[in-house]
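Here are my notes on helix packing and charge pairs, set out point by point. Have the coordinates open as you go through them.

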Amino acid sequence: MDESDESAPIEVTLGELLTERGESLATAESLTGGLVGSRVTDAPGASAYFDRGFVTYAYDAKREMLGVSRESLDAEGAVSASVAEQMAAGARDRANTTWAVATTGIAGPNGGTAEKPVGLTYVGVAHAAPWGTEESFVRTERVVLSGDRAAVKRKAVDTALDALVRAIREVNDEE
């Protein structure tokens, strides 16, 4: 694989990776409200690999559209690693895509606590490997982002796309 141009926007790099691998993507978003999907579709040709985006802001939307468990939402809240994982896996499985990326967090300015400060963001990445390989996975990353509401949302999108590109490259390097 040729290394993508490092000066290219990350959504273009993502598109090149997915296109060259013949893979597909779905998004599941809470705090970013559709901005991840919007950035993905900023790249020309995104229709070749971007399937759909789920914007699941409310608890019920996460449960109904993505299969996030009531138990996780009740015990840990929407802003948690387990919910980010379930959002990513739910999007991947419901859209039947190779990849999914999910975002959940606290954009502010209100809603933060000592345990979950404003800017706390979880990104989930889910991969569907070929059946029988047992190499499918879901992982999460936790970051605390700074800035006002708009800045946290923008940085969450960047974090999500970066996590996704790193995961795709990692899988590609293992093949």
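1. D158 is partly exposed, at 37% relative accessibility. Keep in mind that this is a predicted model, so the percentage is computed from predicted coordinates. The cut-offs matter here: under 20% would be buried and over 50% exposed, so a value in between counts as partly exposed.

2. Which residue does D158 pair with in a salt bridge? The partner is R39, with the closest N and O atoms 2.8 Å apart. This pair ties together distant parts of the chain, since D158 sits in helix α6 and R39 in helix α2, 119 residues apart. R39 has 21% relative accessibility and therefore counts as partly exposed. That value is worth reading against the cut-off, because buried means under 20%.

3. Two further pairs deserve a look. R52 and D51 meet through their side chains in a salt bridge, at 2.4 Å from N to O. Both ends are partly exposed: R52 has a relative accessible area of 35%, and D51 has 39%.

4. The other pair is D93 with R92, again a side-chain salt bridge, with 2.7 Å from N to O. Are its two residues buried or exposed, or something in between? D93 is partly exposed, with a relative accessible area of 47%, whereas R92 is buried at 10%.

5. Back to D158 and R39 for a moment: salt bridges with shared partners join these two and E11 into one network. In total, the count comes to nine salt bridges. As a general reminder, side chains of opposite charge can pair when their charged atoms come close.

6. E11 brings us to helix α1, where it is one of the buried residues. The others listed with it are T13, L14, G15, L17, L18 and R21. So the list takes in charged residues such as E11 and R21 as well as leucines, since buried is judged here by relative accessible area under 20%.

7. What do the buried residues of α1 pack against? Their neighbours are two strands, β1 (25-29) and β3 (99-105), along with two helices, α2 (35-40) and α6 (149-174). Those two helices also hold the salt-bridge partners R39, in α2, and D158, in α6.

8. On geometry, α1 covers residues 10-21, twelve residues in all. From its first C-alpha to its last it reaches 17 Å, close to the 16 Å expected at 1.5 Å a residue. Just after the helix, G22 takes a positive phi of about 65 degrees.

Terms used
Residues are numbered from 1 along each chain as its sequence is written. This is a predicted model: local features need pLDDT of at least 70, side-chain atom pairs count only at pLDDT 80 or more; totals for chains, interfaces and linings use all residues. Side-chain values use heavy atoms; hydrogens and water are left out. Helices (H or I, at least four residues) and strands (E, at least two) are DSSP runs, numbered from the N terminus. The expected span of a helix is 1.5 Å times one less than its number of residues. Buried means under 20% relative accessible area, exposed over 50%, partly exposed in between (1.4 Å probe, protein chains only). Contact means heavy atoms within 4.5 Å. A salt bridge is a side-chain nitrogen of Lys or Arg within 4 Å of a carboxyl oxygen of Asp or Glu.
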